[in-house]
Amino acid sequence: MANINDRSRISVSPFGDPIHVSTAEFRAVTHEPTMPDEDIIMIDPLTIVDTSPMQEASHTFRPTENMEVVIDLTCDDETDQAIEELTSDMAHVAASSVIPTGDDSASGRSSGNSSVISNQSASSSPIPETTQQEINIGGIVFKAGISLELDDGSFMRIEDVIPQPHDLRFFGRRLYRTTHPEAKTYLPKLNHELVWLTQNTDHVSIKRVRRVVSIYFTNFRTDFNTPGGELTCRLKLTIRQSGVVILPGNAPLSAEQCAIEWLTFSESDPGYGKPANLLRREWRDQTVPFGEASASSLAMDLERQGVIDLTTPDRAYTFGDAYCGAGGVSYGAKQAGVKLQWAVDIDKHALETYQLNFNDVEVEHSDFFSFLTNDPKFLRVDIAHCSPPCQTWSPAHTVPCPRDDANSACVFSAGSLVRESRPRVLTMEETMGLPQRFPVIFNRVVLDMVEFGYSVRWSVLGCDEYGVPQERKRLLLIAAGPGEALPHYAQPTHGMPGDDLLPRATISSTIDNIPPDADDHNVEGALARWALSYRPSFDRNSLARTITCGGGEYNYHPSGTRPYTNREMALLQTFPLDFQFTGRFMRKQIGNAVPPLFAKAIYGEIVKSLRQTDAEEAMGNFH
């Protein structure tokens, strides 16, 4: 229950956050009749859904050139009688008009103010190839494709009309201004820009309708710094809570997942959509289907490793790895079937290891922003990745260090990489603490990509669900460029008994069978270092703690008699036994890496998505 003494109301933001709204603000924005505070009856906040206020510079809504006032039931003298008078003849409507899709003459058959509705054709969304119902009330035609403004300042594009006794309910796309007080700063803030909240699927009564408006749904990219004069929707926002199943037959989410997507051609209004191949060409010029590289060299590499994939097309998607480190991402991506084109890092010791394991990749020892001055043709890849230094944003970072400022600037690398490399898909991996501890920074990172026309998905993923024997969680963003479908995350491959998945990898299953003479596996030396120390033993059939550049807090061998050897740490990070490390700071190289098995799962799904897109377009199907 809310505290009655704080004179506030609790509501739920349409953007998913609980919010406190003062009584005065609530009345001012929702036009609630004024009453003394002592007359307010507080109710359980859990019963209040989607009632957060919509803040406007002015709390009245005036018609503009492209808006016609049809009905206003939000004034102070609103009564149920007014509603009943409006809808009294609904039960007697003789065979509510049923029209075939696309029959433009239907609006011409309406009477009274029906011309107002027919003038909204520019704002009508593509209607499915089924019959659509028209309801004519007092000369006003309500049908699929009409856009409404509601009493809370939100909007709806009608997709279905549901007659009820003395009421009319609508179902459709729910829209909010991107300037909504609870809208995150990863959305462009423009007065006439709307965002479609896909998870809001509530039916809306005609009692909440303020007027009919014109809204243009388009996938045209735009400069958000140039305000427009029309209500326009280009983006849709989806927030899925943990436990939700997104795709039928797939496992429920283990963490919250968010996505900002540009509308597709099919979701745009007639005349306001561009097919995917045209958007892609405008952004990155000519794109070779199924990848910019020949797959012959990749096939030879895989064959040397004992892997022969007869289903691989003749071409392969090219890959660029920024902040590549020792090569965890590159190794996993290569296993997923991409062709490594370039890699860059400022850590010379890590690059020595990288070059030892990847001898056919252009490797540059440079800071990231200097690397971006290379020839754009060289930088152009199908898939690009960046893992900026994460120590500044990590929950474990409690003591400032001299490189904090430099590391902080690197977090904005994704936008720069998008601008110069123009990949079809970009991924970014960061510490799980970034969105929670530094939301302003994180939201700006996302907005950078959105402003370049990229759709973005992000979530915190558990690496153990992909075969990594660690309690390791990482933030992963996937961004898809203009004309590309936004890939989903790979489905978990490992889980608990009863999940119908492979059993989770453990410390024991990972390190018990290391050959005694394996490189970087000096057990005697490890025992000697802890000869006078003692740690409690623990279950070796459990997950290791997160491997970090220093090894990890309380991260040691289950026997309690020694620390992990470097080879054990590398295997716990899922590097293969024959992966070679060289140079100084070996533990730092291992701890800073993205687990290759995790990367393989992620890029396998991305490659699958790109191939599906290219295959569909080869058959003339454009989303």
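# A walk through the model, starting at Arg211

Select Arg211 first: this residue sits in strand S13, residues 209–213. Helices (H or I, at least four residues) and strands (E, at least two) are DSSP runs, numbered from the N terminus. You are looking at a predicted model, in which local features need pLDDT of at least 70, side-chain atom pairs count only at pLDDT 80 or more, and totals for chains, interfaces and linings use all residues. Residues are numbered from 1 along each chain as its sequence is written, and side-chain values use heavy atoms, with hydrogens and water left out.

**Around strand S13**

Arg211 has a relative accessible area of 3%, so it is buried. Buried means under 20% relative accessible area, exposed over 50%, and partly exposed in between (1.4 Å probe, protein chains only). Show the side chain of Glu149 too: it makes a polar contact with the side chain of Arg211, at 2.8 Å. A polar contact is a pair of N or O atoms within 3.5 Å; within protein, one must be able to donate a hydrogen and the other to accept it, and residues adjacent in sequence count only if both atoms are side-chain atoms.

Now colour the whole of S13. Five of its five residues are buried, so the strand is largely enclosed by the rest of the structure. Add S8, which runs antiparallel to S13 and is joined to it by four bridges; two strands pair if DSSP finds at least two bridges between them. For a landmark, find Ser147 opposite Val213 in S13.

Next, click on Gly153, in the loop between strand S8 (147–150) and strand S9 (155–164). Gly153 is buried, at 0% relative accessibility. Its C-alpha atom is 8.8 Å from that of Arg210, although the two are 57 residues apart along the chain.

**Rings and charges**

Move on to Trp283 and Tyr454, both buried. The structure holds 20 aromatic pairs, and this one is edge-to-face, with 5.8 Å centre to centre and 80° between the planes. Rings of Phe, Tyr and Trp (its six-membered ring) pair if their centres lie within 6.5 Å; planes under 30 degrees apart count as stacked, over 60 as edge-to-face and the rest as tilted. Trp283 belongs to helix H4 (residues 276–284) and Tyr454 to the loop between H13 and strand S24 (455–462), so the pair ties together parts that are 171 residues apart in sequence.

Keep Trp283 on screen and add Arg422: its charged end sits over the Trp283 ring, 4.1 Å from the centre. A charge sits over a ring if NZ of Lys or CZ of Arg is within 6 Å of the ring centre and within 35 degrees of the ring normal. For another example, select Arg173, which lies over the face of Trp196 at 4.4 Å from the ring centre.

Then select Tyr331, Tyr354, Phe358, Phe575, Phe579 and Phe581, a cluster linked by ring pairs.

**Helix H13 and the last stop**

Display helix H13, whose 13 residues (439–451) reach 18 Å from first C-alpha to last, close to the 18 Å expected at 1.5 Å a residue. The expected span is 1.5 Å times one less than the number of residues. Among the buried residues of H13 are Phe442, Val446 and Met449. Just after the helix, Gly453 takes a positive phi of about 90°.

Finish with the cysteines. How many disulfides does a search of the whole structure find? It finds zero, a disulfide being a pair of cysteine sulfur atoms within 2.5 Å. For Cys410, the nearest cysteine sulfur is that of Cys386, 9.9 Å away.
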